[in-house]
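Biologist: I have a new model on my screen and would love some help reading it. Could you walk me through it, one feature at a time?

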Amino acid sequence: MRTIFITYNPNSNFEQTLAIRLHTIGASSGFMMYLPDRYNSNKILDEETKFRIKKADYVVMFSISPLSNIVKQEIEYAYSVLKDKSKIIVIYDKLHGKNLTGIITTHFTPIYIDKFDQEQDKVLNQIISTVQSKENLKIKKEKENSNALAALFGIGLGLLILGSSSKK
């Protein structure tokens, strides 16, 4: 079962609502979902949140309102754990643009939404679809690698048989 960690700016009720709804949609789509532990801290990345990020295959972050330091810490930590920007997705408001700048912008894949033009459920389903398409691509690559490895072993076995029959 694939896991998704969803984070949001703690001072944004809109982002929190989106995160909770995405949590529900993701869970009903077969993903194991995690939210940050905001109970213990809104300012410092705590051990429970780190644990949840470590368990995640993907990190999704809402960055529609002004950026909080805790979310920036979560992205940096997620990148240090996952080391793959395609597994970290940041959702920006299309009308307001990016609110993250600097080197951190190389650590994730951005998605832009129009919160006034798109229905929330469509946006959330778009996010789940993005993760699923990335998963399908990963599975396809794994299958191709497996097929290539099987072909290589087949060639090796064929050469072994050919070599042993030529000795007779």
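**Reading the fold from sheet to core**

Modeller: Happy to! Of the 168 residues in the chain, 39% are buried. Keep in mind that this is a predicted model.

Biologist: Which helices and strands should I look for, and in what order do they run from the N terminus on?

Modeller: There are 4 helices and 5 strands in the chain. Starting at the N terminus, the elements follow the pattern β-α-β-α-β-α-β-β-α.

Biologist: How do I read the sheet, and in what order do its strands stand?

Modeller: The general idea first: strands of a sheet pair through backbone hydrogen bonds, in either a parallel or an antiparallel way. Here, 5 strands make an open sheet with the order 2-1-3-4-5, and the pairing is parallel. Strand 2 (32–34) and strand 5 are the edges; each has a single partner strand, so one side of each lacks a neighbour in the sheet. On average, neighbouring strands of this sheet are turned by 25° against each other, direction ignored.

Biologist: Which residues can I use to follow the pairing of strand 3 with strand 1 and strand 4?

Modeller: Strand 1 and strand 3 are parallel and share 4 bridges. Try Ile4, whose bridge partner in strand 3 is Tyr58. Towards strand 4, strand 3 is joined by 5 bridges, again in parallel. There you can pick out Met61, with Val90 as its bridge partner in strand 4, and Phe62, which stands opposite Ile91.

Biologist: Is strand 3 buried or exposed?

Modeller: A useful general idea is that side chains in a regular strand alternate between the two faces of the sheet. In strand 3, Tyr58, Val60 and Phe62 are on one side, while Val59, Met61 and Ser63 are on the other, and all of them are buried. With 6 of its 6 residues buried, strand 3 is therefore largely enclosed by the rest of the structure.

Biologist: What do helix 1 and helix 2 touch in the sheet?

Modeller: Helix 1 lies across strand 1, strand 2 and strand 3, and runs at about 150° to strand 3. Helix 2 (residues 47–55) also packs on the sheet and touches strand 1, strand 2 and strand 3. Its direction makes about 140° with that of strand 1.

Biologist: Now the interior. How many residues are in the largest nonpolar core, and which have the most contacts inside it?

Modeller: In soluble globular proteins, nonpolar side chains tend to be buried together. Here the largest nonpolar core has 20 residues, and Ile4, Ile6, Leu22, Val60, Phe62 and Ile91 have the most contacts inside it. At least two residues each come from strand 1 (3–7), helix 1 (13–28), strand 3 (58–63), strand 4 (88–93), strand 5 (109–113) and helix 4 (120–167). Helix 1 contributes the most, with 4 residues. A second, separate core has 18 residues, including Leu45, Val59, Ile70 and Tyr92.

Biologist: If I select Ile91, what does Ile91 touch?

Modeller: Leaving out residues up to four places away in sequence, Ile91 touches Val60, Met61, Phe62, Ser63, Ile64, Ile111, Ile113 and Ile127.

Biologist: And where do charged ends sit over rings?

Modeller: Look at Tyr8: the charged end of Arg38 sits over its ring, 4.8 Å from the centre. Likewise, the charged end of Lys87 sits over the ring of Tyr58, at 5.8 Å from its centre.

Note on methods:
Residues are numbered from 1 along each chain as its sequence is written. This is a predicted model: local features need pLDDT of at least 70, side-chain atom pairs count only at pLDDT 80 or more; totals for chains, interfaces and linings use all residues. Side-chain values use heavy atoms; hydrogens and water are left out. A nonpolar core is a set of buried Ala, Val, Leu, Ile, Met, Phe, Trp, Tyr and Cys residues joined through side-chain atoms within 4.5 Å. Buried means under 20% relative accessible area, exposed over 50%, partly exposed in between (1.4 Å probe, protein chains only). Contact means heavy atoms within 4.5 Å. A charge sits over a ring if NZ of Lys or CZ of Arg is within 6 Å of the ring centre and within 35 degrees of the ring normal. Two strands pair if DSSP finds at least two bridges between them. Axes are lines fitted to C-alpha atoms, for helices over the stretch in contact, and angles run from 0 to 180 degrees between N-to-C directions.
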